[in-house]
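Student: I am new to this structure. Could you take me through one part of it closely, the place where the two chains meet, and set it in its surroundings?

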Protein chains: 2
Amino acid sequence: MNSSDTVAPENGLREALADAARRVEQTLDDVLPKPHGLHGRVHEAMRYATFAGGKRLRPFLVLESAKLFGVTGTVALRTAAAIEVLHTYSLVHDDLPCMDDDDLRRGRPTAHKAFDEATAVLAGDGLLTIAFEILARPETHPSAEVRCLLAQRLAEAAGSNGMIGGQMIDMRAPDSAFGAGEVVLLQRLKTGQLFEFACEAGPILAQAGSEHQERLRSYARDMGLVFQITDDLLDVTSTAEKTGKAVGKDEEAGKATLVSILGVEGARSEAATVAGRAISALAPYGSKAAALKDLLPFMLTRDS
Amino acid sequence: MNSSDTVAPENGLREALADAARRVEQTLDDVLPKPHGLHGRVHEAMRYATFAGGKRLRPFLVLESAKLFGVTGTVALRTAAAIEVLHTYSLVHDDLPCMDDDDLRRGRPTAHKAFDEATAVLAGDGLLTIAFEILARPETHPSAEVRCLLAQRLAEAAGSNGMIGGQMIDMRAPDSAFGAGEVVLLQRLKTGQLFEFACEAGPILAQAGSEHQERLRSYARDMGLVFQITDDLLDVTSTAEKTGKAVGKDEEAGKATLVSILGVEGARSEAATVAGRAISALAPYGSKAAALKDLLPFMLTRDS
């Protein structure tokens, strides 16, 4: 029993997020290797990148989507941890000098600044690899069919036709004259697919069937788009102090976003419409989906 | 039916290797995404790195270890392909400027020279990710338990306590005064663990039990050491023309190897002893293990 099961999400989404983060961080501490041996530096870098005070949004999505179907405890937490280490690897590699060349992440030096480039590449590789180890291990779920499906879907979401493909597009065309279609595609690949997998993980863990998987993916698709639009809005309207990372980078790079295409007010309006659609998709789950629904207004009003 | 089943390995190890390479390359072509879409460049780089005419030694080990237990066809080929794409990712990342900074690989420009650094990082990430997708998919084996065990063992062999850990040690201490113990540990992590997994894959696919897994791992441990010693010997005694890559790099980097510690003759003698032990481990499999046994004299006398 823990507080996230008792706090009404409507009244405490921040608390629910913080509580989920604490539980996932305990699991992350359990599954990541402790630094040891001649190669301990790579473990240190993996932990440095992982324990950086992120929002743990993807793990939260896993825990909440699992809870819709009565799945809690170790099964949900290990799956959540696998997605978070995979997400962390993508941040470490995206920050590299040859990629986005970021010195600051969540208010701290990025992994290649705190360590060095080679260590950052290896730490990212290590995090990506252990994500699949976590999912494949028997402790994650009694059914090997479920574990294989999790690993397959994660690989698809994160692979060269998913997240990696999105980063490839982003690297190739920072100043391209993308229209709304390309911008939405890029976002869906780069960040959306992992959100979709995080939300689909619940029905997969519960073996609830493909209809529920599709419904949760549909929610996540829209939620991910709202997340990206509000992220782009913050890049235009916020300060580095508030977000803990460099801002104004999109405009500086001449990068097309839904904000640059639709304008600030147009993007806000689009985000609100898509948020409404995301909430509607969860109607069949009633109050059990309160936290997932509350995430939308929470995103629309976030300032960091 | 294909020639590798009929050619006696004693008489045609080169032919058996070439035949296995052809079959695995067909499978690699089937499983790797065809370049398409705005992100097609990452698929191109994944294929460029993969289809570079390597010896396909690891896939050969998978096919031969599987054949010991009567496992052939798609099951063995997909597992072999998974290991080869994982091996390829490690070459792409190891060649990066921040790592070993190699311009030449198998006689061609390395991926970051032929494309660019960002694309090489992403292509490596994509290859690593798809290795697990291949193993997790139902086409690879009817038993999900087997697929999960393959994925788990591959992740352990390739992860931060395996191959990545070995590369970390190699990056940190290129001029360190390593003794034979550290050099063997480094090799076992950096290249040995993946050889061990390749050979263990056969008994795993056949669900032959842990005793066979351990026996094949023991063979691979020794075979991997012979491979490394002969690689180090080539670095001292061969030419770039023959090996298709830069030579003399170990000495230039002041890197300790078993050759620098034991001398050329001492290292040759050690390799022969270890090779004999590797062959002995396969005694219970009789003539079915002929190709795996023949690999040892083949390595001891290789010149590229």
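Tutor: Start with confidence. This is a predicted model. The mean pLDDT of chain A is 91, and 91% of the residues score at least 70. Residues 1-10 of chain A are another matter: there the pLDDT is below 50. Beyond near neighbours in sequence, that stretch has 16 contacts in the model. For the complex, the predictor gives an ipTM of 0.93 and a pTM of 0.93.

Now chain A by itself. Chain A has 14 helices and 2 strands. Its radius of gyration is 18 Å, and the globule rule gives 19 Å for 304 residues, so chain A is as compact as a globular protein of that length. The C-alpha trace of chain A spans about 55 × 50 × 35 Å along its principal axes. Of the 304 residues in chain A, 55% are buried. Take the contacts in chain A between residues at least 6 apart in sequence: 70% of them join residues at least 24 apart.

One helix shows burial well. Helix α3 of chain A covers residues 57-67, and 10 of its 11 residues are buried, so the helix is largely enclosed by the rest of the structure. Among the buried residues of α3(A) are F60(A), L61(A), V62(A) and L63(A). R58(A), E64(A) and K67(A) are buried there as well.

Next, the meeting place. Chain A gives 44 residues to the contact, and chain B gives 44 residues. On the side of chain A, the elements that give two or more residues are α2 (40-50), α6 (117-136), α7 (144-158) and α8 (163-172). The largest share comes from α6(A), with 12 residues. By class, this side of chain A holds 23 nonpolar, 11 polar and 10 charged residues.

How are the two copies related? A rotation of 180 degrees, with 0.0 Å of shift along its axis, superposes chain A on chain B at an RMSD of 0.0 Å. That is the relation of a two-fold axis. The same surface serves both copies, as 100% of the contact residues of chain A recur in chain B. Of the residues of chain A, A144(A) comes closest to the rotation axis, with its C-alpha at 2.6 Å.

Then look at the nonpolar core. The largest one has 191 residues. Those that touch the most other members are A131(A), A151(A), L154(A), A131(B), A151(B) and L154(B).

Follow L154(B) from that group. L154(B) is found in helix α8 of chain B, residues 144-158. L154(B) has 29 other C-beta atoms within 10 Å; a residue is buried at 20 or more, so L154(B) is buried. Leaving aside neighbours within four places in sequence, L154(B) is in contact with A82(B), L86(B), A131(B), L135(B) and F197(B). The C-alpha atoms of L154(B) and L194(B) are separated by 7.5 Å, while the two residues are 40 apart along the chain. A131(B), with the same neighbours left aside, is in contact with A82(B), V85(B), L86(B) and L154(B).

End with E182(B). E182(B) is found in helix α10 of chain B, residues 180-206. With 16 C-beta neighbours inside 10 Å, E182(B) counts as partly exposed. E182(B) and G166(B) are 16 residues apart in sequence, and 11 Å apart in space from C-alpha to C-alpha.

Key:
Residues numbered from 1 in each chain as written. Chains lettered and ligands numbered in written order. Predicted model: local features only at pLDDT ≥ 70, side-chain atom pairs only at ≥ 80, totals over all residues. Buried ≥ 20, exposed ≤ 12 C-beta atoms within 10 Å, placed from the backbone. Helix = DSSP H or I, 4+ residues; strand = E, 2+ residues; numbered from the N terminus. Contact = placed C-beta atoms within 7 Å. Nonpolar A, V, L, I, M, F, W, Y, C, P; charged D, E, K, R; others polar. Rg over C-alpha atoms; globule rule 2.2 N^0.38 Å. Least-squares fit on C-alpha atoms with pLDDT ≥ 70 in both. Core = buried A, V, L, I, M, F, W, Y, C linked by C-beta atoms within 7 Å. pLDDT = per-residue confidence, 0-100.
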